[in-house]
Amino acid sequence: MQPQAIIADIHANFEAFLAVLDDLKQKSITEIISLGDLVGYGPNPIECIILSLEHNVINLYGNHELALFKDKTNFNPAAQRAIDWTKQVIKNNQRHPRIKSFFDNLQYEYKKNNIIYTHGSPKGIIDEYVIKKEDFFKLTPEVKKNLKDNFELVEEIGFIGHTHIPYICTSDFYLVHPEWQEYQPYPLLPGTKTIINPGSVGQPRDNDPRACYAVFDGQTVTHHRVKYDLETTIKKMQENLVLDKALWMRLRKGI
């Protein structure tokens, strides 16, 4: 198969998204699947939506896209203010044909061959955290049970986002962060189910501020880190009086 890029959690970070797309262009990768949360938190929701359409990205619903259609969410106050602002920006541009096209074509999940792509979990829960940051050091019985339930819905490979943390986890509970193997290609074993998180393009939370995404070629998956113009993104957020300080401060630390 031709290599495909798996991206997630861009969160309206135009500079990070653009840097990843430039990196993919250098690799001659044109098939791109976004696992949701293209909007939310960041300063450029419209620009990121249009950029995704210009590159024929297959876009899935994330919990932030769903939040645009809800009056109430379980977001923290900073996230809620950001989504309320995003909702207004979307409303102001709702007649733009590309914005309408984006929302008309969003999917809850995408399947290709024996692979499932979704935002939260293969169980169809968009806001489920299958593996959290603290789980990297010990998978509790509860986490293992939930993983088992999710693996039952995976034929071979499942790509999920939402946590903003890149990892590879096999059905025998072998868990690895790509940094531990120096971002080298990870061979996928036939007969072993695997769940893969590509990390976050626009708001990484694994203590590395660089944008993160994954490339899948049918036999291996490789995570990549990309530097981007972080300070420009931060300046935009600082100038937006609605976006909380905490939202841009975390970008510098990747938390």
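**Group meeting talk: a walk through the model**

Let's start in a loop: D208 sits in the one between β10 and β11. Before I go on, please keep in mind that this is a predicted model. Now, is D208 buried or exposed? With a relative accessible area of 12%, D208 counts as buried, because the cut-off for buried is under 20%. And which residues does D208 touch, if we skip those up to four places away in sequence? They are Y183, R225, K253 and G254.

One residue back along the loop is N207, which also lies between β10 (194–197) and β11 (211–216). N207 is not a glycine, and still its phi is positive, about 65 degrees.

Let's follow one of those contacts, K253. You'll find K253 in helix α8. K253 is exposed, at 56% relative accessible area. Leaving out residues up to four places away in sequence, K253 touches N207, D208 and P209, so here the helix residue meets the loop we began with. How far is K253 from D206, C-alpha to C-alpha? The two are 47 residues apart along the chain, and their C-alpha atoms are separated by 8.9 Å.

Okay, on to α8 and its partner, α7. The axes of these two helices come within 9 Å and cross at roughly 170 degrees. Anything over 145 degrees counts as roughly antiparallel, and therefore that is what we call α7 and α8. Who makes the contact? From α7 we have L230, E231, T233, I234, M237 and Q238, and from α8 we have L247, W248, L251 and R252.

Stay with α7, residues 230–239, for a moment. Its buried residues include L230, T233, I234 and M237. Why do we say that they are on the same side of α7? Because they cover an arc of only 95 degrees around the axis. And what covers the buried residues of α7? The cover includes α1 (14–26) as well as α8 (245–253).

Next stop, helix α2, residues 45–54. How many of its ten residues are buried? Seven are, so α2 is largely enclosed by the rest of the structure. If you want to click on them, the buried ones are P45, I46, C48, I49, I50, L51 and S52. Among the elements covering them are α1, β3 (58–59), α4 (77–92) and α5 (97–104). After α2 comes N56, and its phi is positive, near 55 degrees.

Since β3 just came up, look at I58, which is found in that strand. Setting aside its neighbours within four places in sequence, I58 is in contact with I32, I33, S34, Q107 and Y110. There's also a distance to note here: I58 and G36 are 22 residues apart in sequence, while their C-alpha atoms are 9.6 Å apart in space.

Now for the inside. The largest nonpolar core has 49 residues, and those that touch the most other members are I7, F17, V20, L24, I49, F103 and Y213. Let's zoom in on F17. Ignoring neighbours within four places in sequence, F17 is in contact with I7, I10, L38, C48, L51, S52 and V201. C48, L51 and S52 should ring a bell, as we just met them among the buried residues of α2. Apart from this core lies another one, of 18 residues, including A8, L35, I168 and A214.

What about disulfides? Searching the whole structure turns up zero. Take C169: the nearest cysteine sulfur is that of C212, and it is 16 Å away. Why is there no bond for C212? Because 16 Å, the distance from its sulfur to the closest cysteine sulfur, in C169, is too far; the cut-off is within 2.5 Å. Are these two cysteines buried or exposed? C169 is buried, at 0% relative accessibility, and C212 is buried as well, at 0%.

One last residue, N113. Where is N113? Its place is in the loop between β4 (109–112) and β5 (115–118). N113 isn't a glycine, yet it has a positive phi of about 55 degrees. At 65% relative accessibility, N113 counts as exposed, because the cut-off for exposed is over 50%.

That's my tour. Thanks for listening!

Conventions. Residues numbered from 1 in each chain as written. Predicted model: local features only at pLDDT ≥ 70, side-chain atom pairs only at ≥ 80, totals over all residues. Heavy atoms only, no water. Buried < 20%, exposed > 50% of the residue type's maximum accessible area, 1.4 Å probe, protein only. Helix = DSSP H or I, 4+ residues; strand = E, 2+ residues; numbered from the N terminus. Arc of directions from axis to C-beta. Contact = heavy atoms within 4.5 Å. Core = buried A, V, L, I, M, F, W, Y, C linked by side-chain atoms within 4.5 Å. Axes fitted to C-alpha atoms, helices over the stretch in contact; angles between N-to-C directions. Parallel < 35°, antiparallel > 145°, perpendicular 65-115°, else oblique.
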